[in-house]
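Biologist: Please choose one part of this model for a close look, and then place that part among its surroundings. I would like one connected account, with the terms explained as they come up.

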Amino acid sequence: MGKVTSSVLPSIIVFTPWLTLLVAALWARSRPRTSRGLYTAITVATGLLILPMYGIALDGGVVRQHLVRVVPGIDLAFRIDTVGFYFGLLLAVLWIAAGVYSLGYIHERHTRYYCFLALNLSFCLGVAFSANMFTLFIFYELMSLATYPLIIHEETALARRAGLKYLIYSISAGAVILAAVLMQYFYGDTLSFLGHGTLSLAKVSKPVLLTIFSVYMLGFGVKACIMPLHGWVPDAHPAAPAPASALLSGVLLKVGAFGIIRVLYDVFGIKLLRELGVGLPMLYVASFTIIVASLFAIPQTDLKRRLAYSSVAQVSYIILGLFLLSPDGAVGGLLQIAHHAFMKGTLFLCAGIIIHETGKRDIADMEGVGSKLPLTMMAFSIAALAMMGTPATCGFITKWELGLGAIQAHRGYFIVVLLISALLNAVYYLPIVYLAFFKSKETIKFSKRETRPSMLIPTLVCGVMVIVLGIFVTVPGLPYSLVKVVVNAVF
Amino acid sequence: MMLVHEAGSATVKSVLPGVAVLVPLVGMFVVLAVGDRAEKVRNWLAVTFAAGAFAVCVAMYPTVISEHSVAELNLDIFLGDFRLATDQMGLLFALVASAVWLAATLYSFNYIGHEERRTSFFVFMLLSEAACLGVFLSADFFSLFVFFEIMGLAAYPLVVHSRTYEARRAGVKYIFMAVYGGLSLLLGVLLYSNYAGVLGFTARPESAYLTTGSCFIVAGFMMFGFGIKAGMVPLHVWLPLAHPAAPSPASALLSGVMIKAGAFGFLRIVQTFQTPATEHVARLATRYATEAPATEHLTGSWRYLHDLGWVIILLALLTMVTGMVLALVQDNVKRLLAYSSISQMGFILLGVGVGAYLGPEGGIGLAGALYHILNHAFFKALLFLGVGAVYYATHELEMTKLGGLWRKMPFTFAFTLIGGLGIMGITAFNGFVSKTLLHHAEIEALNVAGGAAWLRVVDVVFMITAGGTICYIAKLIGLTFFGHQRSAHAAHAREVPAFMRVAMGALAAMVLAVGLFPGWFMRTFIIPALRVFIGLDSHAVAHLGELKFYTLDNMLAILPPLAIGVTFFLVMRRWDLFRLRLPEAAGVDYYYTRTEVGFLRLCFAGSRRYGQLRAKYYPLARTRAEYLLDLWRYANQEYRRARREGFDRIAGLPMDISGFTAYVRAVQFTGDIVYGVIIFAVVVAVLAFTLLL
C-alpha cells in the first residue's frame with residue numbers, strides 16, 4: 001500500500017471547472033469567441049491538475065482532504081485513490097475531447113451549454129474523488145441534475161420528452177440511493193471508503209445486508225442502465241447534442257458503474273459479497289442486459305439510438321466483470337470503463353459529424369457517407385470493429401480479460417454471453433460500415449474540408465486511442481497499469 | 001496475463017519474425033501515403049515491400065532449419081506476453097505465403113490498373129500479408145488468434161473490391177462466416193489456456209487437456225473456427241462466393257494462401273495432442289517385436305489423437321467429394337477453381353487426419369498434407385492468375401463463351417496448362433508428388449489399422465476425387481483454350497502484358513521445380529517442418545527423406561484416376577450432366593441464410609410488436625403519470641414566461657443561462673414528487689427491515 005498524504009489539491013481540481021461560470025459572467029456577451037476558448041482552457045487545466053497525482057496513484061497511495069463535518073459520522077471529504085484517479089483522469093480526457101468538439105458542433109445557447117458542461121465535470125470529479133458515501137451521493141445527485149440541460153439542449157419537443165424521462169428516472173434513483181446510504185449509516189460503522197469492505201456479517205444480519213445491497217443496485221443501476229432500469233438511455237442519447245451524447249455514454253453512464261464499484265470494494269468488500277452469494281444473480285442480470293440490449297439495438301434505424309442501445313449492453317460488461325469476483329474479471333470490468341469510453345466516444349462523435357455535415361440520422365441513408373467523410377468513417381469503423389472485439393483494438397483486451405476472468409471464477413459459460421454479444425455487435429455495426437464504404441462505387445477522396453478541425457481532431461484522437469489502448473496495453477500510465485494496482489489491492 | 005509458456009527446446013532471440021510482419025505493415029502505410037498521386041511509384045513500393053517480406057522469411061531459414069531452433073520475439077507491451085516465433089512448420093508456410101504474395105503483387109500492376117480504388121487494393125493486400133505472416137509466425141494460440149482475426153477482416157475489402165452486387169453479397173457471407181469462426185476460435189483458445197495451462201502449441205502431458213476428454217471440446221471449437229477458413233464442408237459456403245468475386249490476384253491469395261491458415265490451424269491442433277516421443281519408445285518397441293497394429297497400443301492422449309484423426313478423415317472425405325462434384329458442374333472459371341480449392345483442401349485435411357489417426361507414425365500423413373499445401377499454393381495461385389489473364393484479355397469468365405485462346409495467348413495457355421497438370425497430379429508436375437505421398441499415407445493407415453473396413457472407402461474416394469479433378473480441369477482448359485472462339489471478346493483477345501506473364505511464369509517454374517526435384521523439397525522444407533510434431537517416430541520421419549517418388553508403382557497409380565476422369569468426362573458429356581443444376585435447398589447455405597434472415601426478421605418483428613404494445617398500454621401509464629405531467633406543463637409555462645420576460649432580474653447577472661433558472665423552477669415544481677419518492681423509498685426500506693428482522 002502506498003502512503004496517505006493530505007492536500008488541498010482535490011478540492012482545487014473539483015472546483016476549477018467553476019471558473020467557467022466566472023468567465024461566462026464576465027465575457028460571454030462581450031467576447032463570445034474568447035470565452036469559448038477559455039472554457040476549453042479551463043477543462044484542460046483541470047486535466048493537468050489531475051496529472052501530478054499519477055505517481056501516487058500508481059503506487060496505490062491516497063490523497064485526502066477533509067472539508068466539513070456535517071454531523072458526527074457524516075463528513076464532506078475528498079479522497080483520491082487509484083480507482084478514483086483512474087476515473088478522474090478518464091473524465092478529464094473525455095471532457096477535453098468533447099469540449100473541443102463542441103466548439104464546432106454547438107451553434108446556439110453556448111453559455112448555458114458550456115456552464116453545465118463544466119458543472120457536470122466538476123460534479124463527476126466530485127463523485128470520483130469523494131471519500132465517503134455521503135459526499136458521493138451529494139455529487140452524484142448534482143451531476144444527475146446538471147446533465148438535464150445538456151440533454152434538452154436542442155429544446156425540441158423530443159428532447160424535452162427525453163429530458164423529462166431522464167429526470168424522473170434519475171431523481172427517483174437518487175432517492176433510492178439516499179435510502180441505501182441511510183441504511184448503511186444506521187447499520188454500518190462508517191460511510192467512509194477505506195479500501196476494504198466496512199460492513200460485515202458479524203455485526204449486521206444477512207437479510208439486512210442483502211437489502212442494502214439490492215437498494216444500492218437499484219439506485220446506481222439506473223445510471224449504469226442495468227435492464228430494466230435503462231428506459232431513459234435510448235431516448236436521452238439521440239436527443240442530446242453529439243458531444244453530450246459522447247459524454248453521456250462515455251462517462252456519465254460509468255458514474256453509475258463507479259458507484260457500484262465503490263459499493264463493491266469499499267462498502268461490502270469481495271469477501272462479504274462472496275459470503276452473501278450475490279455474484280451469480282448479478283451476473284445473470286448483466287448477461288440478460290447484454291444480450292437483450294444488443295437484440296434491441298438491431299432493429300433501430302436511428303444511428304444514435306442504435307448506439308445508445310449498444311451502450312446499455314456495453315456498460316453491463318463492466319457489471320459482468322465486477323461481479324465475476326475474480327481478479328481477471330475485475331481487470332476486464334474496470335478496463336471496460338476506459339475502453340468503452342473511447343470506443344463509444346468515437347462512435348458518438350462520428351455520428352455527430354455525420355449529422356452535422358450531411359443531416360442524415362437514419363442508418364439507411366448512410367450509403368456512400370464514407371466517400372464524403374472518409375476520415376470520420378474510418379474512425380467509426382475502427383471503433384465499430386473494436387466493439388466486436390477485434391484484436392489490436394481495445395475492445396478485444398476487455399473481452400479477453402473478461403473471458404479469463406470467467407474461467408478464473410469457474411464460470412466459463414459466461415464467455416458464451418460475451419461471444420453472442422460480439423456476434424450481435426457485428427450484426428448491428430457492420431451494416432453501417434458496409435453502407436458507408438462498400439455499398440457505393442464512389443472512390444474515396446480525402447479532402448481538407450471534410451469537417452471543421454475542431455470536430456475532426458477530437459474524433460480522430462479518440463479513434464487512435466482505441467487502437468493504442470488495444471496494442472500498447474501494458475505501457476505504464478495507460479488504464480491497464482492503473483487497473484492492475486486497483487485489482488491487486490482489492491484481491 | 002498469468003499463463004505460463006512452455007519453454008521451447010532451443011530458442012534463439014531474434015527480431016526477424018517481428019520484422020517479417022512489420023515489413024508489409026509499414027509498406028501498407030507507405031503505399032497509403034503515396035496513394036493515387038504516383039501510380040508507378042506506389043506499385044513498385046508495394047512489390048518492394050512484398051519482396052522484402054519474402055527476403056526476411058528466407059533470411060530466417062538458416063537459423064530455424066540448420067540449428068534446429070526457433071527464432072523468437074517477445075513483445076512485452078501487449079498484455080505482457082505477446083510472442084512471435086518461427087518454428088520449422090511456420091517457416092514453410094511463411095515462405096510459401098510471401099512467395100505467392102510477391103507474384104500476385106507483381107501481377108496486380110496491370111490487372112488492377114484498369115479498375116477503380118487501386119490504392120485501397122494494394123493497401124489491403126499488404127495488410128492481409130502482414131496478418132497472414134503473423135498467423136504463420138505466431139508462437140502461441142493467443143497471437144495466432146489475433147492475426148487470424150485481422151487477416152479475416154483485412155481480406156474483406158479485397159473480396160468486395162469490385163463493388164458489384166455479387167461481390168457485395170459474397171462479402172456479407174464472407175464477413176459473417178469470418179466473425180463466427182473468429183468467435184468460435186476465441187472460445188477455443190480461452191478454453192485451451194484453461195485446460196492446458198499454456199497458450200503454446202505444446203500442451204503439458206499431465207495437464208487436464210491431455211488427461212481428460214476436454215481436448216475434444218477445445219479441438220471442436222477450434223476446428224469450427226479453422227474449418228470455416230479452410231473451406232471445410234459444411235462450413236465452406238462463403239468460399240465459392242468470395243473467391244470468384246475478388247479480383248484475380250486476390251483470389252489467388254485467398255485460395256492459394258489465406259485458406260491455408262485454416263489448414264495451419266488444424267496442424268497446430270494436432271500438434272497440441274502430441275506428447276514427447278520418449279514416452280512411446282518402449283511401446284513402439286513392443287509393436288515392432290510383435291507386429292501388432294500400432295493403434296491398439298495407443299493410450300492416453302494418443303488415443304484421443306487417434307479418435308480426432310478419424311473425425312478429420314471423415315470431414316476431409318466429405319470436403320473432397322462435395323468440392324469435386326460441384327466443381328464439375330460450374331461454367332464460371334473462377335467458381336470452378338473455388339470449388340476445386342474446397343476439394344483440394346479436402347486432400348490436405350485427409351493428410352492431417354491420417355497423420356493424427358496414425359499417432360506416432362503419422363509422419364507420412366502430415367508430410368503429405370504439408371507437401372500438398374505447398375503445391376496447392378503454387379498451382380492454385382497459378383490457375384487463378386491464368387484465368388485472371390483470360391479475364392483481363394476478354395472480360396469474360398463463362399467458359400461457354402470463351403474458347404480457342406491458346407493461339408492468341410500462348411504464354412497464358414502454357415502457364416495455365418502447367419498449373420492444370422499440376423493439380424491433376426500428372427507425373428513430373430508437383431501435384432503428383434503430394435498426391436503420391438497422401439496415397440501412401442492413406443494406404444498405410446489402412447494397413448496399420450489392421451484392416452478397419454471403412455478405411456477402404458478412403459482409398460475409393462481418393463481415387464474418384466482425383467479422377468474428378470482431372471475431369472474438371474480438362475473441362476476448364478479445354479473449353480477456355482481449345483475449340484473455336486465462342487464470343488467476340490474471345491476472338492479479339494490479346495496476350496497479357498509482361499508483368500503478368502512474369503508472375504505466372506515464376507509460379508509455373510515452381511510447379512515444375514517441385515515436380516522435377518521432389519526429394520530436394522522434401523528434405524529441405526517438409527521433413528524439417530515435421531520436427532514441430534514432437535511425438536513422431538523419428539526413424540519413420542527420417543525414412544521419408546529417402547522416399548523415391550518416380551517409381552513404376554507410383555507412376556502406374558495415376559492410371560486409375562485418369563481412367564475415372566475420362567469416364568467422368570464421357571459420361572457427363574453423353575448425358576449432359578455438366579449442365580446439371582441442383583436446387584438451392586440441396587445446399588447447406590440455403591439453410592444458413594434462412595436462419596440468419598429469420599433471426600433478423602424476428603428482431604424487427606419483435607420491435608414492431610413492442611411498438612404496438614406500447615401504443616396500446618402507453619395511455620394507461622399516461623394517466624398514472626398525469627399528475628407529474630401536469631406539474632411539468634406548469635413548469636414549462638413558467639419557463640416560457642420567464643424566457644419572454646427575461647431573466648436579468650435573477651441575481652442581476654447578464655448571463656444567458658435562462659434555461660438554468662427555468663430549470664430550477666422546474667425542479668422546484670417536481671420537488672413534491674421527489675420528496676414523495678424519497679419518503680416512499682424510506683418507508684419501504686423501514687418496512688422491509690421490520691418484516692425481515
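Modeller: I would start where the two chains meet, because helix 19 of chain A and helix 7 of chain B are roughly antiparallel to each other, a label given to angles over 145 degrees, while those under 35 count as roughly parallel, 65 to 115 as roughly perpendicular and the rest as oblique. This is a predicted model, in which local features need pLDDT of at least 70 and side-chain atom pairs count only at pLDDT 80 or more, whereas totals for chains, interfaces and linings use all residues. Residues are numbered from 1 along each chain as its sequence is written, and chains are lettered from A and ligands numbered from 1 in the order in which they are written.

The axes of helix 19 of chain A and helix 7 (residues 165–196) of chain B come within 11 Å and cross at roughly 155°; such axes are lines fitted to C-alpha atoms, for helices over the stretch in contact, with angles from 0 to 180 degrees between N-to-C directions. Helices here are DSSP runs of H or I with at least four residues, strands are runs of E with at least two, and both are numbered from the N terminus. The crossing of this pair is right-handed, that is, the near helix is turned clockwise from the far one by less than a right angle, where an anticlockwise turn would be left-handed.

On the chain A side, helix 19 brings A:Ile415, A:Leu419, A:Ala422, A:Leu423, A:Ala426, A:Leu430 and A:Phe438 to the contact, and helix 7 of chain B answers with B:Arg168, B:Gly171, B:Ile175, B:Val179, B:Leu183, B:Leu186, B:Leu187 and B:Leu190 (contact requires C-beta atoms, placed from the backbone, within 7 Å). By class, this contact of helix 19 of chain A with helix 7 of chain B holds 13 nonpolar, 1 polar and 1 charged residues (Ala, Val, Leu, Ile, Met, Phe, Trp, Tyr, Cys and Pro count as nonpolar, Asp, Glu, Lys and Arg as charged, and the others, Gly among them, as polar).

Helix 19 (residues 414–438) of chain A also contains A:Tyr428, which is buried, with 24 other C-beta atoms within 10 Å (buried means 20 or more, exposed 12 or fewer, and partly exposed in between). Leaving aside residues up to four places away in sequence, A:Tyr428 touches A:Ala297, A:Ile298 and A:Arg306. The C-alpha atom of A:Tyr428 is also separated by 8.3 Å from that of A:Pro299, although these two residues are 129 apart along the chain.

On the other side of the pair, B:Arg163 lies in the loop between helix 6 (156–159) and helix 7 of chain B. This arginine has a positive phi of about 60° although it is not a glycine, and B:Arg163 is partly exposed, with 17 other C-beta atoms within 10 Å. Most residues other than glycine have a negative phi, and most peptide bonds are trans. In chain A, a positive phi near 40° occurs at A:Cys225, in the loop between helix 9 and helix 10, and A:Cys225 is buried, with 29 other C-beta atoms within 10 Å. That loop, between helix 9 (206–223) and helix 10 (233–239) of chain A, also holds A:Pro228, joined to A:Met227 by a cis peptide bond with omega of about 5°. In chain B, a cis peptide bond with omega of about 5° joins B:Val233 and B:Pro234, and B:Pro234 sits in the loop between helix 9 (214–230) and helix 10 (239–245).

Within chain B, helix 16 (residues 363–394) and helix 18 (residues 430–448) have axes that come within 8 Å and cross at roughly 155°, so this pair is roughly antiparallel too, but helix 16 of chain B passes helix 18 of chain B in a left-handed crossing. Their contact has 9 nonpolar, 8 polar and 1 charged residues. Chain B as a whole has 28 helices and 3 strands, and buried residues make up 54% of its 693 residues.

Key
Contact = placed C-beta atoms within 7 Å.
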